[in-house]
Amino acid sequence: QVQLVESGGGLVQAGGSLRLSCTASGRTLSGYAMGWFRQAPGKEREFVAAVSGSGTYYADSVKGRFTISRDNAKNTVYLQMNILKPEDAAVYYCGYKIYGYSRTAATYDYWGQGTQVAVSS
């Protein structure tokens, strides 16, 4: 019902910046939330940030460095990542949740294919 496409990943040096984008298509509902999660090899999918009609939310590990924003008219969410660290390296996934905000990956209804972020030191 909803398709998500991420873009903007790449390779940067520690301390650099990247901006990720995720666009949702299909039938979306007014109460939805969109979030960013990341997954490194051998690890579970980890919450990074989310935005809903109620506000924005961040993992402690990225707060102050990352900013999530949403363009409602375009059904697009962005993740501005600054002061990147080697531990930020992962595949970043955009998630769509039909009803409201959550920090738990299993509660999201749709996922994009992921975009890879690599950070060199």
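**Close-up views of a predicted model**

**Figure 1. Strand β11 with two pairing partners, β9 and β2**. Valine 91 stands opposite glutamine 116 in β11. The model is a predicted one: local features are reported at pLDDT of at least 70, side-chain atom pairs at pLDDT 80 or more, whereas totals for chains, interfaces and linings use all residues. Residues are numbered from 1 along each chain as its sequence is written, and side-chain values use heavy atoms, without hydrogens or water. Three bridges join β9 to β11, and these two strands run antiparallel. Strand β2 (residues 10-13) is joined to β11 by four bridges, but here the strands run parallel. In this parallel pair, glycine 10 has valine 117 of β11 as its bridge partner. Strands (E, at least two residues) and helices (H or I, at least four) are DSSP runs, numbered from the N terminus, and two strands pair if DSSP finds at least two bridges between them.

**Figure 2. The two faces of β11**. The side chains alternate along this strand. Thr115, Val117 and Val119 point to one face and are buried, while Gln116, Ala118 and Ser120 point to the other face and are not buried. Buried means under 20% relative accessible area, exposed over 50%, and partly exposed in between (1.4 Å probe, protein chains only).

**Figure 3. An open sheet of four strands**. The strands follow the order β1-β3-β8-β7, with antiparallel pairing. At the edges are β1 (2-7) and β7 (66-71), each of which pairs on one side only. Neighbouring strands of the sheet are turned against each other by 15 degrees on average, direction ignored; the axes are lines fitted to C-alpha atoms, and angles between N-to-C directions run from 0 to 180 degrees. Strand β1 is joined by six bridges to β3 (residues 18-26). Within β3, serine 21 is the bridge partner of serine 7.

**Figure 4. Threonine 76 and its surroundings**. Threonine 76 belongs to strand β8 (residues 76-81). Its relative accessibility is 5%, so threonine 76 counts as buried. The side chains of threonine 76 and threonine 23 are joined by a polar contact of 3.0 Å. A polar atom of the threonine 76 side chain also lies 3.0 Å from the backbone oxygen of lysine 74. A polar contact is a pair of N or O atoms within 3.5 Å; within protein, one must be able to donate a hydrogen and the other to accept it, and residues adjacent in sequence count only if both atoms are side-chain atoms. Apart from neighbours within four places in sequence, threonine 76 is in contact (heavy atoms within 4.5 Å) with Cys22, Thr23, Ser69, Arg70 and Asp71.

**Figure 5. Residues in three loops**. Asparagine 75 lies in the loop between β7 and β8, and its phi is near 50 degrees, a positive value in a residue other than glycine. Isoleucine 83, in the loop between β8 and β9, likewise has a positive phi near 50 degrees. Lysine 63 is located in the loop between β6 (55-58) and β7. With 60% relative accessibility, lysine 63 counts as exposed. Its C-alpha atom is separated by 9.0 Å from that of valine 48, 15 residues apart along the chain.

**Figure 6. The largest nonpolar core**. This core has 36 residues, and those with the most contacts inside it are Leu4, Met34, Trp36, Leu79, Met81 and Tyr92. Strands that each supply at least two residues include β4 (33-39), β9 (90-97) and β11 (115-120). The largest share, five residues, comes from β5. Not counting residues up to four places away in sequence, tyrosine 92 touches several residues, among them Trp36, Leu79 and Met81. A nonpolar core is a set of buried Ala, Val, Leu, Ile, Met, Phe, Trp, Tyr and Cys residues joined through side-chain atoms within 4.5 Å.

**Figure 7. Aromatic rings around tyrosine 101**. The whole structure holds eight aromatic pairs. Phenylalanine 47 and tyrosine 101 form an edge-to-face pair, 6.3 Å centre to centre, with 70 degrees between the planes. Phenylalanine 47 lies in strand β5 and tyrosine 101 in the loop between β9 and β10 (110-111), so this pair ties together parts 54 residues apart in sequence. Phenylalanine 47 counts as buried at 8% relative accessibility, whereas tyrosine 101 counts as partly exposed at 28%. The rings of tyrosine 57 and tyrosine 101 are stacked, because their centres are 3.7 Å apart and their planes are at 15 degrees. Tyrosine 57 is in strand β6, 44 residues from tyrosine 101 along the chain. Ring pairs link Phe37, Phe47, Tyr57, Tyr101, Tyr108 and Trp111 into a cluster. Rings of Phe, Tyr and Trp (its six-membered ring) pair if their centres lie within 6.5 Å; planes under 30 degrees apart count as stacked, over 60 as edge-to-face and the rest as tilted.
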